[in-house]
Structures are given as structure tokens and as C-alpha cells.
Amino acid sequence: MSAQPEPALLYSEEEDALRAAVRDLLTDHCDPAGVITRTESATPHDVSLWKSLAGPMGLAGLLVPEELGGQGATHREAAVVLEELGRAVAPVPYLTSAVVATEALLACGADDLLTEVASATSVAVLAVGLHVAPGGPVPGVRVEDGALHGELTGIADAAAADVLLVPADDGGLYAVRAADAIVTPQTSLDLTRPLARVTLEAAPGRRLGDSAPAVLRALRSGAGLLASEQLGLADWLLTETVRYLKERKQFNRQVGGFQALKHRLARLWLEVAGLRAAARNAADALTTGADTDVAVAVAQAYAAQVAVHAAEEALQLHGGIGMTWEHPVHLYLKRAKADSIAYGAAGTHRAALADLAGLPTP
């Protein structure tokens, strides 16, 4: 039996160029003060930023085949984009539309909707709670007389959606125009990725295909690439904390020169380096299809604790300024905390990994 090729975890030149382009755009159009201001408004999603990312850059259709108007790229490129969006805590529906919903549409062969998503004329959102893990129970609405009835909660970015992909009790996945649904905002810890309740009252829907395989594929990709977003969060937090401690002085010394703080930062650097390896491995596995379930479970079993730890360290080591609303570290802490239960908590992924490895549950 031939050995499996080693995953290529280093970034390619094309991926580095993509990163630079996305970072430049976000530097110009997604500054921390602007994100904070937007979270205080009635429209937390940055529509103009999304149009810039999705339109001229073509990122909305990164995973969509070229013959349908997309870029025909892989999960590795999508992971690079998510790293940069995580670094900026960008309030755009990239993960939910360009990754999760797109994967569900690809599974169903919904070419017309894929073309809409790729051309940025529509934002699609899978109407499954953000907390649901791959393979977990998925609530569905009921089908009566050809119309959809029911309520689904915890749907991320539903407020930005033009099309909702709704699982139903007949085993189908239905496309419902957002105009035919009632979308009610819900209280969310992460103000940059708002949640909503979706209510359907005899809403018309178009059956796209079988729900179970489409939702499983979508949530698995969402969980695997979420690790790249968490990597972006953690990397920004570490970088900014180091920069601040080099500038801040106490007792006429750089705060970063104190040995105890050096040890804390060194530990955090090692954790972020480990997360980078796990996130890259998950993105590569989603691209190649080799040991995908294992790679995704490993990444999500590890990513949450690193991102949350990085945010907590940044908050503490920034001192008083870190506790203020004006400083963006609170946005990163809230995103890290919300991400820690998105697409399944770490414990759920550890249990899945144990099953995949044939280890008995204690």
C-alpha cells in the first residue's frame, strides 16, 4: 500500500499574494474604530466592505467552479482569506455564505444559486444554528401543502442573507428567499457576527436536494475553516500585545522586558504556532479529501482554547486601556468566545476524534 503524501502546510506564493491583497483592502476599509462604531449601529454588517471583497476581488465565489462564475479555488485559499478576516474581526458574511452555504449548494448541485453567490448578487446562509457540530442533530421546519412552517434559532448572519437554505422534516434542503421569512435579531455576544431567529409562516421554498449530506458537508467545512479565522484572531492579538509591551514603560523600563511577561508571551507564541499547523492541516485536508474528519476534529479541539487564551492575555497585558470600549481587544475576546462554541465546542470535537481513532469513552 502506497504511503499518503505529506500535507503541504507552508503557504504558496499565490496564497501569500492573496493574503497581501486582502490585508491591504482591510487596512483601508476595516479599521478597528470603524468596526466598533458599526457594532453600535442598527446595521452591524459592513455591506460596502462585503461588496469590495465579493465583487472586485471575487472572494464570494472562491470555492465556486469557474464555469459557474466562481474562482475555482480550494479551501486553502479560503483559509487564507479567513485568517485575514479574523485579524480584522471583519463584520462580513464570508464564512457563512462563501464557505458554509456554498458547500451546501455544491452538494445539491444548485448551479443557479451558486452563480448568484459567486457574482455577489446574493448572500446565502444555511439556516442551521451556529452551535451545531458536523454530524450533530439538525432542527428542521415542517412541510405542509408545499409550504414551509417553523422557527429556527441562532442563525448567524441571517440578517444579511438574500437566500436561506432551510432543512425540512421531509429530509430536503429548501431555498427560501429572505423576503419570504421573518428574521428577528437575537442577543449575541459577538456583535460582529450577529445571530437571528428565522420564522417561516407558509413560506414558499424550492427543494434543492437531500439535507443530511449537504448540511454535513457544509458544517464540516465551516468547522475546519473556522480554525483559520481563530488563527487570525490569535495572531493579531499576540502581535498587538507584543507591540504594546515594547512601547509601554513602567519603572522606567519596557514592560515587555520583565521576565514573567516574556514567559507568558513565549507560551502563547508556541500555542499560536501549534494552531497554525492544525488550521493549515484542516484546510489542506478539506482540499485533498484525505483524513478530513480527523483533521477538522483536531483543529477544532485545539483552536478555541488558543484563541480565547490569546484574547484573555491581550486583555490583561494591555492593562487599563484594554478594559475600555474604545480599544478593540473586547471585539476579539467576544469573537473568540463565540467561535469557541461555533460548529461544535472543543469537547464535542474531542469526542468525535476519540470515535474516529477507535478510543473508548471513559
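**Entry 1: Ser-228**

I started with Ser-228, which counts as buried at 1% relative accessibility. The model I am reading is a predicted one. I found Ser-228 in helix α7. Next I listed its contacts, leaving aside neighbours within four places in sequence. Ser-228 is in contact with Ala-79, Leu-82, Glu-83 and Ala-279.

**Entry 2: Ala-212**

I stayed on helix α7, where Ala-212 is also found. Is Ala-212 buried or exposed? Ala-212 is exposed, with a relative accessible area of 58%. The cut-off for exposed is over 50%, so I had no doubt about the class of Ala-212 at 58%. I then took the C-alpha separation of Ala-212 and Ala-54. The two are 28 Å apart in space and 158 residues apart in sequence.

**Entry 3: the nonpolar core**

I looked up the largest nonpolar core, which holds 116 residues. Which members touch the most other members? They are Leu-85, Tyr-94, Leu-105, Leu-126, Leu-165, Leu-200 and Tyr-343. Helix α7 supplies the largest share of this core, 16 residues.

I picked Leu-126 for a contact list, not counting residues up to four places away in sequence. Leu-126 touches Val-100, Ala-101 and Ala-104. It also touches Ile-155, Leu-165 and Leu-173. Val-215, Ala-218 and Leu-219 complete the list for Leu-126.

**Entry 4: strand β7**

I checked two residues of strand β7. The strand covers residues 195-204, and Ala-196 is in it. Ala-196 counts as buried at 2% relative accessibility. Thr-199 lies in β7 too. What is the class of Thr-199 at 15% relative accessibility? Buried means under 20%, so Thr-199 at 15% counts as buried.

I then wrote down contacts, again not counting residues up to four places away in sequence. Thr-199 touches Gly-150, Glu-151, Ala-181 and Ile-182. Ala-196 touches Leu-152, Thr-153, Gly-154, Ile-155 and Ala-158. Val-183, Thr-184, Pro-185 and Gln-186 are also touched by Ala-196.

I also looked up Ala-196 against Asp-157. Their C-alpha atoms are separated by 7.4 Å, with their positions 39 residues apart along the chain.

**Entry 5: positive phi**

I went through backbone angles next. Most residues other than glycine have a negative phi. Asp-157 has a positive phi, near 65°. I placed Asp-157 in the loop between β3 (147-156) and β4 (163-167). Asp-157 counts as buried at 1% relative accessibility.

Val-89 has a positive phi of about 45° although it is not a glycine. Where is Val-89? It is in the loop between α4 and α5. Val-89 is buried, with a relative accessible area of 1%.

**Entry 6: helices α5 and α6**

I turned to helix pairs. Two packed helices are described by the angle between their axes and the distance between the axes. Helix α5 spans residues 94-108 and helix α6 spans residues 111-118. Their axes come within 9 Å and cross at roughly 165°. Over 145 degrees counts as roughly antiparallel, so I logged α5 and α6 as roughly antiparallel to each other. The crossing of α5 past α6 is left-handed.

I listed the residues that meet. From α5 they are Ser-97, Thr-102, Leu-105 and Leu-106. From α6 they are Leu-113, Leu-114 and Val-117. The contact divides into 5 nonpolar, 2 polar and no charged residues.

**Entry 7: helices α9 and α11**

I ran the same lookup on α9 and helix α11 (residues 346-357). Their axes come within 8 Å and cross at roughly 145°. α9 passes α11 in a left-handed crossing. On the α9 side I noted Asp-293, Val-294, Ala-297, Val-298, Gln-300 and Ala-301. On the α11 side I noted Ala-346, His-349, Arg-350, Leu-353 and Leu-356. By class, this contact has 7 nonpolar, 2 polar and 2 charged residues.

**Entry 8: helix α10**

I closed with helix α10, residues 329-339. Why is α10 described as largely enclosed by the rest of the structure? Because 10 of its 11 residues are buried. Among them are Val-329, His-330, Leu-331, Tyr-332 and Leu-333. Lys-334, Arg-335, Ala-336, Ala-338 and Asp-339 are buried as well.

I asked what covers the buried residues of α10. The cover includes α2 (32-39), α4 (75-88), α7 (211-247) and α9 (292-317).

Technical notes
Residues numbered from 1 in each chain as written. Predicted model: local features only at pLDDT ≥ 70, side-chain atom pairs only at ≥ 80, totals over all residues. Heavy atoms only, no water. Buried < 20%, exposed > 50% of the residue type's maximum accessible area, 1.4 Å probe, protein only. Helix = DSSP H or I, 4+ residues; strand = E, 2+ residues; numbered from the N terminus. Contact = heavy atoms within 4.5 Å. Core = buried A, V, L, I, M, F, W, Y, C linked by side-chain atoms within 4.5 Å. Axes fitted to C-alpha atoms, helices over the stretch in contact; angles between N-to-C directions. Parallel < 35°, antiparallel > 145°, perpendicular 65-115°, else oblique. Left-handed = near helix turned anticlockwise from the far one by under 90°. Nonpolar A, V, L, I, M, F, W, Y, C, P; charged D, E, K, R; others polar.
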